[in-house]
Structures are given as structure tokens and as C-alpha cells.
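The following exercises concern the fold of one protein chain. Each task is followed by a solution in steps.

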Amino acid sequence: MQKSILKDIIASNEEFILKQVKEPVERKGITLPGKLNKVVVFYGVRRSGKTFILFDLFQKNKERSLYIDFEDERLTGFQAKDFEKLREAFLELKPHLIGKETLFLLDEIQNVEGWERFCRRAVERENIKVFVSGSSSKMMPFEIHTELRGRSWSVEVLPFSFTEYMRVKGLDVKKETAFSSTKKAFAKKYFNDYVRWGGFPEVSFLDTELERTRLLKEYLGAMFFRDLVERYRITNIPLLEALLDKLFSSFSLRFSLTAFYKQYKDKFPFSKDLLFRYYKHFLDSMLIFEVRKFAESTYKRMRNPAKIYLVDNGLGKRVSSADSGRLLENLAFLELRRKRYEVFYFAEKRECDFIAKSEDNRLLPIQVCFEMTEENMDREISGLTEACHWVGVNEGIILTHDEERELSIDGISIKVYPLWKWCIA
Ligand SMILES: Nc1ncnc2c1ncn2[C@@H]1O[C@H](COP(=O)(O)OP(=O)(O)O)[C@@H](O)[C@H]1O
Ligand SMILES: [Mg+2]
């Protein structure tokens, strides 16, 4: 790798970020370590906004930042040993920064094998603040290289939250303490769009259904070929397609690989092993998440089928209008994740959609349903109260499309609350 090429890339990136990129929409919930010397790792599905978070950091620290994208084709062949050259190239371009604190923003860094060692040394010894991003589960906290254990600070990046989505639409909830009735009407309208189209940043900026449909299709295509077929050198395309179809229409449902195997094994040839591997790839590219059954033993948790949630509502394949409850549930799951809850489902005599465990280990049973009707009322409530008794708490929530009231049943206080309000709370 030649230093002169690195200098060109550094300079052209700087020019691009400062001149071409408009000020990014502010992301909520991204907390950075204060003075700790940690490598900050942004991880999440492609197109969720990681690069723009790095751009934002660059714009806010423009005198002393370096941005490099390791998917840049000019950098193919970049190896861990070239980091030193990169640092020199940067300081030769900006000699006044020698000895000062600088920021290194390294995008899609999982492409450079052995990146951890340089980053660790940089934060520990070189007065460099390091921010890296990656679109692979290799960057998730429990997968991160031992080299960085205790030295990294991981931040999950999901597509826009409803609050961020509203910011795109010009409604800043942070600034509004009370909603006027017009604002409320707007918020609800936007919420309906958000439930349907999800929060991929680029999609959020579009206004017509046609454009949104097209872009989401393009995303799916890119994720399918780049993040699955190419990355994992997939050969059984029919299997991958069938699995994708099934997964993306099974959001908020229990999903069983054994059932899938039985259903498809006569349609085209594949082994169970291959199926398990492909399924794992979906998890690894962070397109889907698994939620396990609430149980004391790991054995019980793993033996029961997981529920599947998508990283974005826009990717859901809808079959009927009866899916709106499942879309709400998918959204509620994502919001719980943003709020850093660990999520389980409850299924004993009765069922409850979620048992959410907060970072300080408090448990909160939650049902999600579009609306409470004569038919479902009993089931929703008794599932929730059973879950509350089971885990030993006396409060639960039912999230709905737009209903709000409070109930008290069997010693359990139940808050029925609109999901849109809960998302911006
Ligand atoms: N905070 C943001 N403000 C405005 N637009 C954004 C923001 N984040 C992402 N976008 C838009 O979404 C696109 C994809 O985001 P990007 O940061 O490239 O995702 P990732 O790096 O995770 O693949 C960007 O090109 C930009 O158009
Ligand atoms: Mg990126």
C-alpha cells in the first residue's frame, strides 16, 4: 500500500464529508464513553446509518479527524501492517496535529484482518480516539476479538427510531412537551407510515409508495447477494430464497427449522446441516433477531423454537391485512432493543408476547395487540396476568395502536398504552 494513495484517499474523503454530506439527522440513544480509552464499535445491519454516524463525528471534529472506508476499492489489499502507514500519511498531511488528540473513523473495518491490535494500541498509547463500524455479527459484543475484550464499547445501530423518523418529517418530539391536537394527528399519521415502511434512513426521506417500494426491493437484493450469497459463498440459491421468504413473512411468529425442513425437503435437495448454516447467516448479517422462551434453564430456552423479528418493518413480507398486529409487535420488539432490554417470550398455560428484562434486571411483561376487542380481550389480559404472576411482578403493559386506559385485574395493574406514544416517551 503506497502512502501517496493513502494521502489521496484521506484528502478526498475529507472533502466529500465536509462539502457534500449535509448535516445528518441526530441519532438518539447513541451514548459514547466519556473519558475512557475504548474503541467504540458501531455494529448493525447494512444501511442502518453507521457511516453517517461516523460522518457526523467527523463534521463535529473536522480539524482532527481521519475517515477511511475499508470497502473503498482503492483499499483492497490493505493489511493490518498498513495502519502505521495510514497514521503517518495523516500526520504528514496535518503536521500540526503531531502530539495532539485525533479521531480515527474506520468504516467497515471487519475487512481488515487483525484490526483489533492497532485499534487497541491507538487508544491506549497514541492519543487517538478510535471509532469503527461493521455490518457483520463479528462486531457484536459477545463475538468481539479477545484482543479487545474490556477495551471496546459497542453500540448497536438500528434503522431510525420513531423519534428519529419524526425528526426527518420535521416534528421534533424532544422540543415538544405537550402535543397539540394537530401535532398529535400528524404523529399518528406518520406512525402508520412508519409501521408499514419501517425506518431505514433513506426510505424515511422518501414520500411516495412507489419510491419506497423500489428502494426496499433494492436493499433486499443487495443484502441477498452481497451480505449473504457473496459473503458466505452460498451455492444453494433456491434454499436461500425459500428461507428468506419464509423468515421475512414469519416476523413476530415462532419459527421452527425442523418444520421448514419437512415442508421443503421434497421440493429441492438440501441437507439439514446446510439449512442450519444458512439460517445462522441471516442472524449473522443482523437481518433477523431471535427471541427465546422465558425459562430458568438454558436447556429449556434453547429447546423451544425461537420467535423471529426483523431488523426493520419495511422488510416484512405481508400476506394479509391481519398482519398489522404482527407489524406492531415487530416494532415494539425493535423499540425494546433500542431501550436496551433483553427480550423473551412467555408461553406456559397462556401466552404473553414479551417479558422484557431491563439493564438493572427488572422484568416487565408486555402484550402487543392492534386493538382490544371482545374476542381477544380475555386472552390478552389473562396471558399478561399469568406472566406477571409467573415472574412475580404486579405491573404489565398492553401496547395497542391507539388505546389508552388503566385496568386492575387479579392484583395486577395493567396499563393499556398506544405504541406510538410509548416509542417517543
Ligand atoms: N443520520 C442520518 N441523517 C440523514 N441521512 C442518513 C442518516 N443516516 C443514514 N442516512 C441515509 O441512509 C443512507 C445509508 O446510511 P449509511 O450510514 O450509509 O448506512 P450503513 O453505513 O449502516 O450501511 C445514507 O446514504 C444516507 O442517505
Ligand atoms: Mg457504511
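**Exercise 1.** How many residues has the largest nonpolar core, and which have the most contacts inside it?

*Solution.* The model is predicted: local features need pLDDT of at least 70, side-chain atom pairs count only at pLDDT 80 or more, and totals for chains, interfaces and linings use all residues. Residues are numbered from 1 along each chain as its sequence is written, while chains are lettered from A and ligands numbered from 1 in the order in which they are written.

Step 1. Apply the criterion for a nonpolar core: buried Ala, Val, Leu, Ile, Met, Phe, Trp, Tyr and Cys residues joined through C-beta atoms within 7 Å. A residue is buried if 20 or more other C-beta atoms lie within 10 Å of its own, exposed if 12 or fewer, and partly exposed in between, with C-beta atoms placed from the backbone.

Step 2. The largest such core has 105 residues, and Val41, Leu105, Val130, Ala332, Phe354 and Ile355 have the most contacts inside it.

Step 3. Helix H13 (residues 324-338) supplies the largest share of this core, seven residues. Helices (H or I, at least four residues) and strands (E, at least two) are DSSP runs numbered from the N terminus.

Step 4. At least three core residues come from each of domain 1 (3-157) and domain 2 (165-424), with bounds from an automatic or database domain assignment.

**Exercise 2.** Describe the surroundings of phenylalanine 354 and of strand S11.

*Solution.* Step 1. Leaving out residues up to four places away in sequence, phenylalanine 354 touches Leu336, Val343, Phe344, Tyr345 and Ile366; contact requires C-beta atoms, placed from the backbone, within 7 Å.

Step 2. Strand S10 (residues 351-357) runs antiparallel to S11, joined by four bridges; strands pair if DSSP finds at least two bridges between them. Phenylalanine 354 stands opposite isoleucine 366 in S11.

Step 3. Five residues lie between the strands of the S10 and S11 hairpin, where asparagine 361 has a positive phi near 70°.

Step 4. S11 is also joined to strand S12 (residues 395-400), in parallel, by three bridges. Here glutamine 367 stands opposite isoleucine 398 in S12.

Step 5. Because five of its six residues are buried, strand S11 (residues 363-368) is largely enclosed by the rest of the structure.

**Exercise 3.** How far apart do the C-alpha centres of domain 1 and domain 2 lie?

*Solution.* Step 1. The two C-alpha centres are 31 Å apart.

Step 2. Ten residues from domain 1 and 15 residues from domain 2 form the contact.

Note on methods:
Two residues are in contact if their C-beta atoms, placed from the backbone, lie within 7 Å.
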